[in-house]
Amino acid sequence: MHQPICAIAGFGAGVSMGVARVFAKEGFGLALIARNLEKLEANAVELRQAGYTVHTFSADAGNEDSLIQAFAEIRSQLVAPDVLIYNAAVMTMTKPSELPTEKLISEFNVNVVGALVSAQQVIPAMKAKGKGTILFTGGGLALYPFSDLVSLAIGKSGMRSLAFCLAQELQEFGIHVGTVTICGTVEVGTHFDPDAIAQSYMTLHKQSFAQFETEIIYN
């Protein structure tokens, strides 16, 4: 029996670490994807020291070919992921009237397109198994847009819509698609501690078919 794999795209030191720990404690091997391999390996060391099985893969969440290659490597070296977490995001502090269109498109590629591309890489195997979990890290800006963070607000709104649309399409195949909408600033030792937030991801993952929820609003 292969160890089940949780793939986390856009891995970083915040929510991703909390999610990695909570899934590893449930027996998952971790396939971590990030653009900056140096930072990725540093985080991987911490997880390995805790006794978890960790594999690292390099990819730019805003580059479709890069993501496709990373997931091909995961399938080749490990197995097709049983769980996908998409946690990549990028933002610019800019008002709508001052936001360059090329910046909006570039950030949309990370905030939304990368989530779709990543999901498309795991869906075929999940359909074949008749089960799987795809979860996106959402944000309160999808519910309460803020003008100074217009690009990220558009991105989180787009990701939320993508999650709901995928959920409608894939539920009949036993695939649970959801989003954790985090309405606050992630900070260790607070209500928005990454380890506390991560429990919402596990809650969604463990829901039975009859109880599938598409969103948990963490506030």
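Trainee: What pattern does the chain follow, read along the sequence?
Mentor: Start at the beginning of the chain and note each helix (DSSP run of H or I, at least four residues) and each strand (DSSP run of E, at least two), numbered from the N terminus. The secondary structure comes to six helices and seven strands. Read along the sequence, they give β-α-β-α-β-α-β-α-β-α-β-α-β.

Trainee: Before we go on, what kind of model is this?
Mentor: Residues are numbered from 1 along each chain as its sequence is written. Side-chain values use heavy atoms, leaving out hydrogens and water, and local features need pLDDT of at least 70, side-chain atom pairs count only at pLDDT 80 or more, and totals for chains, interfaces and linings use all residues, since this is a predicted model.

Trainee: In what order do the strands of the sheet lie?
Mentor: Here two strands pair if DSSP finds at least two bridges between them. The sheet is open, has seven strands and shows parallel pairing. Strand 3 (54-58) and strand 7 (215-218) each have a single partner strand, so one side of each is left without a neighbour in the sheet. Put together, the order is 3-2-1-4-5-6-7.

Trainee: Which residue in strand 2 stands opposite Ala9?
Mentor: Strand 1 (residues 5-9) and strand 2 (residues 29-34) run parallel, and five bridges join them. Opposite Ala9, in strand 2, stands Ile33.

Trainee: What angle does the direction of helix 1 make with that of strand 1?
Mentor: Axes are lines fitted to C-alpha atoms, for helices over the stretch in contact (heavy atoms within 4.5 Å). Angles run from 0 to 180 degrees between N-to-C directions. Helix 1 (residues 15-24) packs on the sheet, with strand 1 and strand 2 among the strands it touches. Its direction makes with that of strand 1 an angle of about 180°.

Trainee: And at what angle does helix 5 run to strand 5?
Mentor: Helix 5 (residues 150-170) lies across strand 4, strand 5, strand 6 and strand 7. To strand 5 it runs at about 160°.

Trainee: Is Gln207 buried or exposed?
Mentor: Look in the loop between helix 6 (194-206) and strand 7. Leaving aside neighbours within four places in sequence, Gln207 is in contact with His176, Phe212 and Glu213. Buried means under 20% relative accessible area, exposed over 50%, partly exposed in between (1.4 Å probe, protein chains only). At 13% relative accessibility, Gln207 counts as buried.

Trainee: How much of the chain do buried residues make up?
Mentor: The same cut-off is applied along the chain. Of its 219 residues, the buried ones make up 51%.
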